[in-house]
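Visitor: I would like a close look at one part of this model, taken slowly. Please start from one charged side chain and then work outward to its surroundings.

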Amino acid sequence: MRKFEENSGFVRTTGAKDRTYIKIEIPKENSKDYINRKGYHSIQLQVVCNHRAMITHCYVGHPGSVHDRGVFRQSEVAEYLNDDCKFPFDNHLVGDSAYELHQHLLVPFKDNGHLTAAQKNVNFRQSSARVVVERCFALLKGVCRMRSLLYCLPMSRIDLMAIKEILL
């Protein structure tokens, strides 16, 4: 929490969460389900990372067409957030505006053009805390051994794309 606060000024943050698309070959079955909002076939990777961009939880395998909230609701993280014992210091994770506000998952204020200066400041600091997960994805996709995540995984069999959840 201290490092998140030092880096962003956003207090009591223990992790940042987001998801990214992993491009795949066109699946042989249900291929339309795997087309994401950007128009290509993919599966989704949801992660929670710490202040050093180290992944502490990952959840992968949902088709690209599934909304962020749908992936989140089916992940272990959604259940984890409802356990107050996991957040003993009234701490929280940070996420982007695709997620719903929760006691232990803070998202930015919706910008409808009428935000106060204080709300803009909170959004700026929250975004500064959350940027670590974007850096995590950039590092993950940029590492030589994982560089294939930038391009297209040679996966076309749905039965091999089972949903996996890993707590690291």
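Visitor: With which residue does Lys-3 form a salt bridge, and how far apart are the closest N and O atoms?

Guide: The model is a predicted one. In it, Lys-3 forms a salt bridge with Glu-6, and the closest N and O atoms are 3.5 Å apart. Both Lys-3 and Glu-6 belong to helix 1, where three residues of separation correspond to about one turn of the helix. Lys-3 itself is partly exposed, at a relative accessible area of 35%.

Glu-6 has another partner. Arg-2 also forms a salt bridge with Glu-6, with 3.1 Å between the closest N and O atoms. Here too both residues lie in helix 1, which covers residues 2-8, and the spacing is four residues, again about one turn of the helix. Arg-2 counts as exposed, since its relative accessible area is 58% and the cut-off for that class is over 50%. Arg-2, Lys-3 and Glu-6 are thus linked in a network of salt bridges. As background, side chains of opposite charge can pair when their charged atoms come close.

The structure holds seven salt bridges. One of the pairs beyond helix 1 is made by the side chains of Arg-12 and Asp-90, which meet at 3.7 Å, N to O. Arg-12 sits in the loop between helix 1 and strand 1, while Asp-90 sits in the loop between helix 3 (76-81) and strand 4 (92-94), so this pair ties together parts that are 78 residues apart in sequence. Both ends are partly exposed: Arg-12 has a relative accessible area of 39%, and Asp-90 has a relative accessibility of 41%.

Past the loop that holds Arg-12 comes strand 1, and that strand contains another arginine, Arg-19. Unlike Arg-2, which is exposed at 58%, Arg-19 is buried, with a relative accessible area of 10%. Its side chain makes two polar contacts to consider here. One goes to the side chain of Tyr-21, at 3.4 Å. The other goes to the side chain of Gln-44, at 3.2 Å. Leaving aside residues up to four places away in sequence, Arg-19 touches Arg-37, Gln-44, Leu-45, Gln-46, Asp-68, Tyr-99 and Phe-137.

Gln-44 and Leu-45 lead on to strand 2, where they fall on opposite sides. Ser-42, Gln-44, Gln-46 and Val-48 are on one side of that strand, Ile-43, Leu-45, Val-47 and Cys-49 are on the other, and all are buried, which leaves both faces covered. Because eight of the eight residues of strand 2 are buried, the strand is largely enclosed by the rest of the structure.

The pairing of strand 2 can be followed in two directions. Strand 1 and strand 2 run antiparallel and are joined by eight bridges; Asp-18 has Val-47 as its bridge partner in strand 2. Strand 3 (residues 55-63) is also antiparallel to strand 2, with six bridges between them. Here Cys-49 has Ile-55 as its bridge partner in strand 3. Strands 2 and 3 form a hairpin with five residues between them, and Ala-53 in the turn has a positive phi of about 70°.

The nonpolar packing draws on some of these residues. The largest nonpolar core has 19 residues, and those that touch the most other members are Ala-16, Leu-45, Val-47, Cys-49, Val-132 and Val-133. Strand 1 (13-23), strand 2 (42-49) and helix 4 (117-142) are the elements that give two or more residues to this core. Helix 4 supplies the largest share, six residues. In general, nonpolar side chains in soluble globular proteins tend to be buried together.

Val-132 shows the local contacts of one core member. Not counting residues up to four places away in sequence, Val-132 touches Phe-4, Ala-16, Cys-49, Asn-50, His-51, Arg-52 and Ala-53. Among these, Ala-53 is the turn residue with the positive phi. A second, separate core of 10 residues includes Val-48, Ala-78, Leu-93 and Leu-105.

Helix 4 also contains Glu-134. Glu-134 is partly exposed, with a relative accessible area of 37%. Its C-alpha lies 9.1 Å from that of Thr-20, although the two residues are 114 apart in sequence.

How values were computed: Residues numbered from 1 in each chain as written. Predicted model: local features only at pLDDT ≥ 70, side-chain atom pairs only at ≥ 80, totals over all residues. Heavy atoms only, no water. Core = buried A, V, L, I, M, F, W, Y, C linked by side-chain atoms within 4.5 Å. Buried < 20%, exposed > 50% of the residue type's maximum accessible area, 1.4 Å probe, protein only. Contact = heavy atoms within 4.5 Å. Polar contact = N/O pair within 3.5 Å; in protein donor to acceptor, adjacent residues only side chain to side chain. Salt bridge = Lys/Arg side-chain N within 4 Å of Asp/Glu carboxyl O. Pairing = 2+ DSSP bridges.
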